[in-house]
Amino acid sequence: MELEIEKTRRDWKKVLILLVLILIPLLDAGILYFDVYSDYWFYPEDYPNGPSHMHRFIPTVAAFLSGNSHGHLMQMIFIFLMPIYIMIMNADSYLQEKSCGYLSTCYTRISRKTYLMNKWKSAFSISTGVTLVAILLNLVVCYVLFWGGTWTGGGNEEDALYIYLIYVISFCLIVGLYGVYCSCLCMITGNRMIAYALAVLPWLGMIHSPWSIVNAMQPYTEYGYEYFIFAWLQILILCGLTILFTKLVWEKRDEL
């Protein structure tokens, strides 16, 4: 797995995607900060007591996953395009190694089963790790920008951080599992175009379904916990069946 991480670090396209994923939540914090304070900046005479008396979010409600910035643009770019980010970051490395003839050399050093497990581990670790860094960095920035905010969105301020962190973990685990799913697609199909299509289409379908997976990613919504559970069931069934099928196909190839 260390080799996969090193290859990711040395590929400029992968590093660029990593930086984009970190930048998007930071831009979201900046957009929301501007939305909140722009009225004071342009019309300070309307706020004789200064910006400290303005209607402001608490940091966790202002944070990225809460989706309170204008138009949810950054959140949409981050979530809707996640399969493409995952593929470029690491999941399609099998296709790259296959195209350059590296696989035959690799199989002389490690077994096919070990190779498969390494791909899954790296896909999960890199997808989860990058997402976690991006979201937590946004949260830290929101605590700096929105410290002293009072608007909770109707919830309990004391519980807000714990709820948010639960959704951070949920979001990162979903992205990690989908990273393994995307890696499986590349190994099953062996075709970049098909693999990317099969990565994007189910993801968009689960976002737009009545039991949207966004319900397991976004806190402080009006939906009950059953939506959270059904969202997780979708991702577990899809990824679980795909992982099992990939394992069976991989073992069958070993026998040939």
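Which helix of the chain has the lowest mean pLDDT, and which the highest? Select helix α1 (residues 2-10) for the lowest, at 65, and helix α10 (residues 192-208) for the highest, at 93. Here pLDDT is the predictor's confidence in each residue, from 0 to 100, and helices are DSSP runs of H or I with at least four residues, numbered from the N terminus. Over the chain the mean pLDDT is 84, and 86% of the residues reach 70 or more.

This is a predicted model, in which local features need pLDDT of at least 70 and side-chain atom pairs count only at pLDDT 80 or more, while totals for chains, interfaces and linings use all residues. Residues are numbered from 1 along each chain as its sequence is written, and side-chain values use heavy atoms, with hydrogens and water left out.

**Helix α5**

Select residues 82-91, helix α5. Eight of its 10 residues are buried, so the helix is largely enclosed by the rest of the structure. Buried means under 20% relative accessible area, exposed over 50%, and partly exposed in between (1.4 Å probe, protein chains only). Among the buried residues are M82, Y85 and M89.

**Aromatic pairs**

Next, show the rings of Phe, Tyr and Trp (for Trp, the six-membered ring), which pair if their centres lie within 6.5 Å; planes under 30 degrees apart count as stacked, over 60 as edge-to-face and the rest as tilted. By this rule there are 10 aromatic pairs. Pick Y167 and F228: their ring centres are 5.5 Å apart and their planes stand at 80°, so this pair is edge-to-face. Y167 belongs to helix α9 (residues 157-189) and F228 to helix α11, so the pair ties together parts 61 residues apart in sequence. Y167 is buried, at 11% relative accessibility.

Then pick W211 and Y227, a tilted pair with 4.6 Å from centre to centre and 35° between the planes. W211 sits in the loop between α10 and α11, and Y227 in helix α11. W211 is partly exposed at 32%, as is Y227 at 22%. Elsewhere, ring pairs link F64, F78 and F171 into a cluster.

**Helix α11**

Stay with helix α11 and select residues 225-255. Is T242, in this helix, buried or exposed? T242 is buried, with a relative accessible area of 11%. Leaving aside residues up to four places away in sequence, T242 touches Y181, C184 and I188 (contact means heavy atoms within 4.5 Å). I237 lies in helix α11 too.

Notes:
Helices (H or I, at least four residues) and strands (E, at least two) are DSSP runs, numbered from the N terminus.
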